Amino acid sequence: DRIDTDSEDSKSASIGRSYTTAVILAEDKNQLKVIYCEKFKRTDPAYKTARIEALVRQYNVDLILADIGHGADMAFTLREKYGERFIACRGQGALTARYKYRTDLSVPEILFDHQYHLERSFSLLKKGLIRFPFMNYEYCGWLVHHCSSMEIKITQDRAGNYQQKYVKGSNPNDGFMALNYCLIGRHFLQTNGFKIVDPKEFRDLSSPEKTMVVGASLPMSGGIGSRSRFRSGR
C-alpha cells in the first residue's frame, strides 16, 4: 500500500506501511547477483501486474514468486497468464519439512518456515554469496537498507532454551522479503519442487564441491629398500 516517495507526493506516499518491490536474481557460478530491483510507483493491481509482465519479458524470468498476503490482488491474474511459472508464497511458523509446495489450492502456494529461511538468507549474505550492483549505489541503496533492517530478538522457551528470532525493525524490509522469495524460487528449482532432500543430490552455494584425493602406498617388488609408488583418485 506504500509507494516510492521519490516519485509521488508525500501525502499519497504515506498511505500504508509496505512497499511493492521487485527483485530479479541471477546465478553466476558460485554467486547470486541482484541484476534488477525496483520500488513500484503506484499501488493499483493493473499497474503492478503490467510492471511484472514487462520485467518478465525484459529479463526472461524462469520463475515468479509473490507474497500471497499483499500480492493476492494480482496472484490469480499472474497464475492464469504464466501457469506454473508463477507461484504464491506464504511464510509460516515452524515446519517439519521447512518448505512445502501445495498444489491443491486455486493458486498453488509455497509454504516455508519463516525463521529457518531467514537464517539461511542471512548466512548467504554474510558469506558474500549474494552480490549487489554497488557500482550504482543510488540505484540499489534502498534495497541494501531493506536487507539490513531486521532485528534479532532472543526468547526463552519453557524448557529454558534460548532461541534467536529475526523480527521486523522500525525500517521497511519489503525489498529483503522480495530477495527471500528469489532465494526460495532458486531452492524450488534446484530441488525439483522440494522433492530432492538428499544432501548428496542437492548442493548449495555455501558448500562448494571439493576435490577429494585419496593416496595409497603400494610397495614395488624387490624387497627392502625398494621405492614405493602412489596412486591417487578423485
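Is Glu38 buried or exposed? Select Glu38 and you will find that this residue is buried, with a relative accessible area of 9%; buried means under 20% relative accessible area, exposed means over 50%, and partly exposed lies in between (1.4 Å probe, protein chains only). Before going on, a word on what is loaded: this is a predicted model, in which local features need pLDDT of at least 70 and side-chain atom pairs count only at pLDDT 80 or more, while totals for chains, interfaces and linings use all residues. Residues are numbered from 1 along each chain as its sequence is written, and side-chain values use heavy atoms, with hydrogens and water left out.

**The whole protein**

Show the cartoon for the full protein: there are six helices and 11 strands. These are DSSP runs numbered from the N terminus (helices are H or I, at least four residues; strands are E, at least two). Of the 234 residues, 39% are buried. Switch on the surface, and about 14,700 Å² of the protein is accessible, with 49% of that belonging to carbon and sulfur atoms; the areas come from the Shrake-Rupley method with a 1.4 Å probe, and for residues only the protein chains shown count as cover.

**Salt bridges**

Side chains of opposite charge can pair when their charged atoms come close. The structure holds seven salt bridges, each a side-chain nitrogen of Lys or Arg within 4 Å of a carboxyl oxygen of Asp or Glu.

Stay with Glu38 and add Arg51: the two form a salt bridge, with the closest N and O atoms 2.8 Å apart. This pair links distant parts of the chain, with Arg51 in helix 2 (residues 45–59) and Glu38 in strand 2 (residues 31–39), 13 residues apart.

Next, select Arg186 and Glu27, whose closest N and O atoms are 3.0 Å apart in another salt bridge. Here Arg186 sits in helix 6 (residues 174–190) and Glu27 in strand 1 (residues 21–28), 159 residues apart. Arg186 is buried at 12% relative accessibility, whereas Glu27 is partly exposed at 40%.

Then pick Arg42 and Asp44, which meet in a salt bridge at 3.0 Å, N to O. Arg42 is partly exposed at 42% relative accessibility, and Asp44 is also partly exposed, at 25%.

**A stop in strand 4**

Finally, select Ala88 in strand 4 (residues 86–92). With 1% relative accessibility, Ala88 counts as buried. What does Ala88 touch, not counting residues up to four places away in sequence? Highlight Ala66, Ile68, Val107, Pro108, Glu109 and Ile110 to see those contacts (heavy atoms within 4.5 Å).
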